[in-house]
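Reader: Before we go through this model, I would like each label in its description to be justified. Please set the computed values against the cut-offs as we proceed.

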Amino acid sequence: MKKAMTSVPFNGTPEQLKALDAVIAAHKNENGALMPVLQKAQDIYGYLPVEVQKHIAAGLEIPYSEVYGVVTFYSQFLLNPKGEHPIAVCLGTACYVKGSGLIYDKLQEILGIEGGGITEDLKFSLDATRCIGACGLAPVLTVGEDVYGRLDVSMVADIVAKYK
């Protein structure tokens with residue numbers, strides 16, 4: 001089994017930093033600036049690594065603990081990047097009853113990562129989701145915008161192979 005990536009080195013670009021600084025400057029003197037700055041920062045970087053959170057805290061002149069508290073409270077914010085092909089398995093009731101837990105386990109085995117992780121080559125990330133509204137197709141998984149339904153464990157390897 002491949003080693004799971006627990007953290008990805010931060011590789012921000014000067015262009016991204018310039019864009020972030022412009023966002024911070026535009027919101028710095030506003031009440032409630034943190035949320036819009038975090039949202040724009042996630043748009044810029046795709047997630048909110050510690051380095052970006054600390055830069056925001058310094059730029060807004062607030063404690064890093066406040067930034068981290070908001071980032072970890074709201075599920076819209078990502079602490080880790082998503083893979084080129086993000087895979088999400090529905091573990092909602094209908095999907096779970098029809099075997100999505102086994103599908104999720106098989107994906108962890110095939111990809112060599114735990115849920116919430118990303119492969120070393122940054123191609124795949126794996127997450128569990130709750131109901132995605134496709135209960136009639138249970139069990140369901142998505143790869144990016146592609147939806148796969150009425151699955152069983154034997155189909156998982158072929159789905160992953162399409163994206164390699």
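**Rings, charges and a pocket**

Author: Lysine 54 lies over the face of tyrosine 64, at 5.5 Å from the ring centre. The model is a predicted one, and the values below are computed from it.

Reader: What makes lysine 54 count as lying over the face of tyrosine 64?

Author: The distance from the ring centre of tyrosine 64 is 5.5 Å, and the rule asks for NZ of Lys within 6 Å of the ring centre and within 35 degrees of the ring normal. Lysine 54 is therefore described as lying over the face of tyrosine 64.

Reader: How many aromatic pairs does the rule give, and why is the pair of tyrosine 64 and tyrosine 68 called tilted?

Author: The count comes to three aromatic pairs. For tyrosine 64 and tyrosine 68 the centres are 6.0 Å apart and the planes stand at 40°; centres must lie within 6.5 Å, and planes that are neither under 30 degrees nor over 60 degrees apart count as tilted, so this pair takes that label. Tyrosine 64 and tyrosine 68 are four residues apart in helix H4, residues 64-73, and so are separated by about one helical turn.

Reader: Are these two tyrosines buried, exposed or partly exposed?

Author: Tyrosine 64 has a relative accessible area of 29% and tyrosine 68 one of 39%; since buried means under 20% and exposed over 50%, both tyrosine 64 and tyrosine 68 are partly exposed.

Reader: What makes phenylalanine 73 and tyrosine 74 an edge-to-face pair?

Author: Their ring centres lie 4.9 Å apart, with 85° between the planes, and an angle over 60 degrees counts as edge-to-face. Phenylalanine 73, with a relative accessible area of 62%, is exposed, whereas tyrosine 74, at 35%, is partly exposed.

Reader: How do you know that glutamate 61 and lysine 28 form a salt bridge, and where in the chain do they sit?

Author: Four salt bridges are found in the whole structure, and in the one between glutamate 61 and lysine 28 the distance from N to O is 3.2 Å; the limit is 4 Å, so the pair qualifies. This salt bridge links distant parts of the chain, 33 residues apart, with glutamate 61 in the loop between helix H3 (50-60) and H4, and lysine 28 in the loop between helix H1 (14-27) and helix H2 (34-45). Glutamate 61 is exposed at 63% relative accessible area, while lysine 28 is partly exposed at 33%.

Reader: Why is the contact of aspartate 127 with lysine 82 called a salt bridge?

Author: The closest N and O atoms of aspartate 127 and lysine 82 are 2.4 Å apart, which is again set against the limit of 4 Å. Aspartate 127 belongs to strand E2 (residues 124-129) and lysine 82 to the loop between H4 and strand E1 (85-90), the two being 45 residues apart. With 36% relative accessibility, lysine 82 counts as partly exposed.

Reader: Which residues line the largest pocket, and how do they divide by character?

Author: Lysine 82 is one of the lining residues of the largest pocket, which also include Val8, Phe10, Tyr45, Tyr47 and Leu122. The lining divides into seven nonpolar, four polar and one charged; Lys counts as charged and Gly as polar, so Lys82 falls in the charged class and Gly12 and Gly46 in the polar class. About 170 Å³ of space lies in this pocket.

Technical notes: Residues numbered from 1 in each chain as written. Predicted model: local features only at pLDDT ≥ 70, side-chain atom pairs only at ≥ 80, totals over all residues. Heavy atoms only, no water. 1 Å grid on protein atoms, 1.4 Å probe; cavity = no way out; pocket = protein on both sides within 12 Å on 5 of 7 lines; lining within 4 Å. Points joined across faces, edges and corners; volume = space filled by probe spheres on them. Buried < 20%, exposed > 50% of the residue type's maximum accessible area, 1.4 Å probe, protein only. Salt bridge = Lys/Arg side-chain N within 4 Å of Asp/Glu carboxyl O.
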